[in-house]
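Here is a friendly walk through one chain, starting from a single loop residue and working towards the whole fold. Keep the viewer open as you read.

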Amino acid sequence: MSNWEVWTAWYEARLKGSSGMEDLEIARLALPEEIWMQGPKVANAEIKRLEEEFRDGKPLTWGETAWGEGVWGGESEPSPEPGMRAEVVDGELELRRVNVPDEEVSDPLQQSLHQLALDRAKELFSALHQKRNYYPEIYKAVSGYLSAVDCPLSEVNVTTAWSDGSALMDFSEAYKRQDSNQTLSEPLEPGLQGLLSSFVNDHSGFF
């Protein structure tokens, strides 16, 4: 038993916005190197011991996790949302794709959000086409995003859309903070920055 749940719980809590327990984070990062060198079975067992220690020896439950109170509401684990999910497969931790649930495929609101994100991505792609050599990383991410979402909602490649959408969100923030006097990178034109920001808003609503 490698106790991979200490990492899947951490990952799921982060997806749900929990910041976790600062003291526990520090204690985990401060584990001696010799613990990490013994492999995941030993390291994960030590992390689990730390979690239980921070709960005064009380075993963790779905409702009382070391990574934030009420992450799963104290009940059974909820159905996963579309995107990436950490799972233990054959004793190894893997990221698996979670498809769009059937109920969301037929949800008018979700269909509308899908169309908004798709339309905004097309606008951004069209505006970037003549500037693709200036911003190749953004152009590549938008191209990948379109390949994932330019289809019926039930066929959306959630993994690619989630990955490329997250990359575009990071690019948007990076270009906003860019100091043209401190970098050789081409500043993002105001019109493109506006389209990218609009895309980020619609993508966030879709996901």
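Let us begin with K131, which touches E189 and L192 once residues up to four places away in sequence are set aside. Please keep in mind that the model is predicted. K131 sits in the loop between α6 and α7. The C-alpha atoms of K131 and L192 are separated by 9.8 Å, although the two residues are 61 apart along the chain. Is K131 buried, partly exposed or exposed? K131 has a relative accessible area of 26%, so it counts as partly exposed, given that buried means under 20% and exposed over 50%.

**Helix α9**

L192, one of the contacts of K131, is among the buried residues of α9. The others in that list are Q193, L195, L196, F199, V200, D202, H203 and F206. The cover over these buried residues includes α6, α7 and α8. Does the span of α9 agree or disagree with its 17 residues? It agrees, because 17 residues at 1.5 Å each should span 24 Å, and the end C-alpha atoms of α9 are 24 Å apart.

Two residues of α9 show what this helix meets. Q193 lies in α9 and is buried, with a relative accessible area of 14%. Beyond its neighbours within four places in sequence, Q193 is in contact with S172, Y175, K176 and L188. L195 is also placed in helix α9, and its contacts, with neighbours within four places again left aside, are R120, E123, L124 and A127. Between L195 and E123 the C-alpha distance is 7.5 Å, with their positions 72 residues apart in sequence.

**Helix α6 meets helix α7**

H114 has its place in helix α6. Why is H114 classed as buried? Its relative accessible area is 6%, and buried means under 20%. Not counting residues up to four places away in sequence, H114 touches V149, C151, P152, L153, V156 and F206.

The three residues with a stated relative accessible area compare as follows.

| Residue | Relative accessible area | Class |
|---|---|---|
| H114 | 6% | buried |
| Q193 | 14% | buried |
| K131 | 26% | partly exposed |

Two packed helices are described by the angle between their axes and the distance between the axes. For α6 and α7, the axes come within 10 Å and cross at roughly 145°. The crossing in which α6 passes α7 is left-handed. From α6, the contact is made by H114, A117, L118, A121, K122, L124, F125 and L128. From α7, the partners are I138, Y139, V142, S143, Y145, L146 and V149.

Helix α7 runs over residues 136–149, with 14 residues. From its first C-alpha to its last, α7 reaches 20 Å, close to the 20 Å expected at 1.5 Å a residue. Buried in α7 are I138, Y139, A141, V142, G144, Y145, L146, A148 and V149. Their cover includes α6 (108–128), α8 (158–177) and α9 (190–206).

**The nonpolar cores**

Which residues of the largest nonpolar core touch the most other members? Of its 29 residues, these are L128, I138, Y145, V149, F199 and F206. The elements giving two or more residues to this core are α6, α7, α8 and α9. Helix α7 provides the largest share, eight residues.

I138 is a good place to zoom in: leaving aside neighbours within four places in sequence, I138 is in contact with L128, L168, F171, Y175, L188 and L196. Another core lies apart from the largest one, with five residues, among them V6, L24, L31 and I47.

**The chain as a whole**

Stepping back, the chain holds nine helices and four strands. Along the sequence they follow the pattern α-α-α-α-β-β-β-β-α-α-α-α-α. Of the 207 residues in the chain, 37% are buried. What share of the contacts with a separation of 6 or more joins residues 24 or more positions apart? That share is 60%. Finally, the accessible surface of the chain comes to about 12000 Å², and 50% of it belongs to carbon and sulfur atoms.

Terms used: Residues are numbered from 1 along each chain as its sequence is written. This is a predicted model: local features need pLDDT of at least 70, side-chain atom pairs count only at pLDDT 80 or more; totals for chains, interfaces and linings use all residues. Side-chain values use heavy atoms; hydrogens and water are left out. The expected span of a helix is 1.5 Å times one less than its number of residues. Buried means under 20% relative accessible area, exposed over 50%, partly exposed in between (1.4 Å probe, protein chains only). Contact means heavy atoms within 4.5 Å. A nonpolar core is a set of buried Ala, Val, Leu, Ile, Met, Phe, Trp, Tyr and Cys residues joined through side-chain atoms within 4.5 Å. Accessible areas come from the Shrake-Rupley method with a 1.4 Å probe; for residues, only the protein chains shown count as cover. Axes are lines fitted to C-alpha atoms, for helices over the stretch in contact, and angles run from 0 to 180 degrees between N-to-C directions. A crossing is left-handed if the near helix is turned anticlockwise from the far one by less than a right angle, and right-handed if clockwise.
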